[in-house]
Amino acid sequence: MFHLGAASGRLTCIIMSTLVIDIGNTTIATGVYRAGSVSRVRRFETAEARRESIESFVLEDQPRTVSGAVAASVVPKRSPAWRRILRKRFGQQVVWVDHE
C-alpha cells in the first residue's frame, strides 16, 4: 500500500500484514504474514481457547500494520466465534476457508 505523507509530501511505502489462522482439531496456529514470510507464530490448544482469550489476542495483541485476516478451519463449532471477532477487528477484510 502506498500513501502520500501529508506533512512531508513524500511518497511512503507501507507494507501491510495479514493475520493468518489455522484452526485444527487439537491446535490453533496463528501468525502474521508480511512480505513473503510468517512471524509472531503462536499456538493455542483448540479445546482450551475461550472467547475472551481469542478476543484479546485478535483485538489487542496484533500490530497496527495488520490489515486483514485469512482463516482456515476444520472445526465448524469453533468457526462462529472466530468469525465474529475477526469481523469486529477487520470488517470485511477477512477471507475464510473451511470444509464447505
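The following exercises, each with a worked solution, concern the predicted model shown above.

Residues are numbered from 1 along each chain as its sequence is written, and side-chain values use heavy atoms, with hydrogens and water left out. Because the model is predicted, local features need pLDDT of at least 70 and side-chain atom pairs count only at pLDDT 80 or more, whereas totals for chains, interfaces and linings use all residues.

**Exercise 1. Describe the secondary structure of the protein chain and state what share of its residues is buried.**

Step 1. Helices (H or I, at least four residues) and strands (E, at least two) are taken as DSSP runs, numbered from the N terminus. The protein chain has 2 helices and 7 strands.

Step 2. Along the sequence, these elements follow the pattern β-β-β-β-β-α-β-α-β.

Step 3. Buried means under 20% relative accessible area, exposed over 50%, and partly exposed in between (1.4 Å probe, protein chains only). Of the 100 residues in the protein chain, 32% are buried.

**Exercise 2. Identify the elements that supply the largest nonpolar core and examine the contacts of Trp-82.**

Step 1. A nonpolar core is a set of buried Ala, Val, Leu, Ile, Met, Phe, Trp, Tyr and Cys residues joined through side-chain atoms within 4.5 Å. The largest such core has 19 residues, and those touching the most other members are Leu-19, Ile-21, Val-58, Trp-82 and Leu-86.

Step 2. At least two core residues come from each of strand E3 (17-23), strand E4 (27-34), helix H1 (51-60), strand E6 (66-73) and helix H2 (79-90). H2 gives the largest share, 4 residues.

Step 3. Contact means heavy atoms within 4.5 Å. With neighbours within four places in sequence left aside, Trp-82 is in contact with Ile-21, Ile-23, Ile-28, Thr-30, Ile-54, Val-58 and Trp-96.

**Exercise 3. Classify the aromatic pair and locate its two residues.**

Step 1. Rings of Phe, Tyr and Trp (its six-membered ring) pair if their centres lie within 6.5 Å; planes under 30 degrees apart count as stacked, over 60 as edge-to-face and the rest as tilted. A search of the whole structure finds 1 aromatic pair.

Step 2. The ring centres of Phe-44 and Phe-57 are 5.3 Å apart and the planes lie at 75°, so the pair is edge-to-face.

Step 3. Phe-44 belongs to strand E5 (residues 37-45) and Phe-57 to helix H1, so the pair, 13 residues apart, links distant parts of the chain. Phe-57 is buried, with a relative accessible area of 3%.

**Exercise 4. Compare the settings of Ser-17, Ala-35 and Arg-40.**

Step 1. Ser-17 is placed in strand E3 and is buried, at a relative accessible area of 1%. Apart from neighbours within four places in sequence, Ser-17 is in contact with Val-32, Tyr-33, Arg-34, Thr-65, Val-66, Ser-67 and Gly-68.

Step 2. Ala-35 stands in the loop between E4 and E5 and is exposed, with a relative accessible area of 63%. Although Ala-35 is not a glycine, its phi is positive, at about 50°.

Step 3. Arg-40 lies in strand E5 and is partly exposed, with a relative accessible area of 47%. Arg-40, likewise a residue other than glycine, has a positive phi near 55°.
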